[in-house]
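Please read the following explanation alongside the sequence and the three-dimensional model. It proceeds from one site to the next.

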Amino acid sequence: MILETFPVGPLQCNCTILGDEQAREAIVIDPGDDVSRIHKRLMEQGLTLKQILVTHAHIDHIGGALKLKRLTGAPIYLNENDLPQLEMMAAQAAWIGVGTPETAPPDGSLVDGQTVGLEHYSAKVLHTPGHTQGSICLHFVLLNLLIAGDTLFAGSIGRTDLPGGDYGQIMDSIQSRLLILPDETTVIPGHGPQTSIGRERQSNPFLTEM
Ligand SMILES: [Zn+2]
């Protein structure tokens with residue numbers, strides 16, 4: 001298995017490449033920016049990109065998706081509840097003072113309970129609204145790995161003050177969908193360092209003061 005996570009763009013969104021060394025296939029999660037770097041890593045390792053999966057449609061997570069699709073032909077998947085975010089891309093770009101990336105409607109939705117990813121490294125989609133209405137996490141059950149987008153961070157949770165955000169909802173999503181996962185589940189958040197479900201359950205101040 002090839003698993004590489006690196007920060008991209010001015011907001012340092014964690015982009016992940018997950019590859020199958022035998023099948024020479026890969027998926028990319030959250031190609032927010034730095035598409036030439038992502039593409040170069042795929043080429044260097046001889047990986048064919050099968051899917052572009054986006055945890056939510058904030059600019060720092062989806063900004064490079066269409067460019068990567070054009071380079072590789074891979075389809076883009078995004079939960080349909082975040083389509084309104086796509087339509088706000090110019091406003092999102094203005095918030096952080098960057099140019100507006102070109103976007104297009106996704107090729108398919110990421111629906112709760114759906115299985116996505118590679119044949120040997122598949123993930124279950126967990127719809128976890130609250131940061132945005134279409135925020136999802138990807139649970140790679142056999143890898144004990146959760147890609148959490150901006151729902152859960154090491155020691156923090158996603159902000160809920162932007163359009164589509166809802167504090168009660170993100171807390172409910174984390175409690176009912178994420179904290180029920182095994183303690184040893186590795187969490188790769190949308191920004192910042194890795195953590196685990198057990199560590200966050202024990203020490204995340206947003207989750208222990210309830
Ligand atoms: Zn976000």
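The paragraphs below treat the metal site, the surface, selected loops and the salt bridges in turn.

This is a predicted model, in which local features need pLDDT of at least 70 and side-chain atom pairs count only at pLDDT 80 or more, whereas totals for chains, interfaces and linings use all residues. Residues are numbered from 1 along each chain as its sequence is written, and side-chain values use heavy atoms, with hydrogens and water left out.

The description begins with the metal. A zinc ion is coordinated at 2.2 to 2.3 Å by four residues: His-56 through NE2, His-58 through ND1, His-131 through NE2 and Asp-150 through OD. Donors are here N, O and S atoms within 2.8 Å of the metal (3.2 Å for Na, K and Ca); water is not among the atoms, so sites may look incomplete. The arrangement is irregular because the 4 donor atoms around the zinc ion subtend angles of 86 to 169°. Under the rule applied, four donors count as tetrahedral if all angles lie between 85 and 135 degrees; four count as square planar and six as octahedral if opposite donors are over 155 degrees apart and all others between 65 and 115; anything else is irregular. Along the sequence, the donor residues follow the spacing H-x1-H-x72-H-x18-D. Both His-56 and His-58 are buried, where buried means under 20% relative accessible area, exposed over 50%, and partly exposed in between (1.4 Å probe, protein chains only).

A second buried residue worth locating is Ser-173, in helix H6 (residues 167–178). Helices (H or I, at least four residues) and strands (E, at least two) are DSSP runs, numbered from the N terminus. Ser-173 has a relative accessible area of 4%, and its side chain reaches the backbone oxygen of Pro-129 at 2.7 Å.

At the surface, a nonpolar patch is formed by Leu-11, Trp-95, Ile-96 and Val-98, which together have about 320 Å² of accessible area. Such areas come from the Shrake-Rupley method with a 1.4 Å probe, and for residues only the protein chains shown count as cover. Patches are made of residues with over 30% relative accessible area and no salt bridge; like charges are joined within 9 Å, and nonpolar side chains (Val, Leu, Ile, Met, Phe, Trp, Tyr) within 5 Å. One member of this patch, Leu-11, lies in the loop between strand S1 (2–8) and strand S2 (13–20) and is partly exposed at 38% relative accessible area.

The loop between S1 and S2 also holds Gln-12, a partly exposed residue with a relative accessible area of 42%. Its backbone deserves attention. Most residues other than glycine have a negative phi. Phi of Gln-12, however, is positive, near 55°. Asn-144 likewise has a positive phi near 55°. Asn-144 is placed in the loop between strand S8 (136–140) and strand S9 (145–149), and its 29% relative accessibility makes it partly exposed.

The account now turns to charged pairs. Side chains of opposite charge can pair when their charged atoms come close. A salt bridge is a side-chain nitrogen of Lys or Arg within 4 Å of a carboxyl oxygen of Asp or Glu, and by this rule the count comes to 9. In helix H1 (residues 35–44), Glu-44 and Lys-40 are 4 residues apart, or about one helical turn, and they form a salt bridge whose closest N and O atoms are 3.3 Å apart. Glu-44 also meets Arg-41 in a salt bridge, at 2.4 Å from N to O; these two lie 3 residues apart in helix H1, about one turn of the helix. Glu-44 is partly exposed at 47% relative accessibility, as is Arg-41 at 25%.

Another salt bridge joins Arg-201 to Asp-183, with the closest N and O atoms 1.9 Å apart. Arg-201 lies in helix H7 (residues 197–203) and Asp-183 in the loop between H6 and strand S12 (186–189), so the pair ties together parts that are 18 residues apart in sequence. Arg-201 is partly exposed, at 31% relative accessible area, and Asp-183 is partly exposed at 41%. Elsewhere, salt bridges that share partners join Glu-4, Lys-40, Arg-41 and Glu-44 into one network.

Finally, the C-alpha atoms of Asp-183 and Thr-55 are separated by 22 Å, with their positions 128 residues apart along the chain.

Conventions. Polar contact = N/O pair within 3.5 Å; in protein donor to acceptor, adjacent residues only side chain to side chain.
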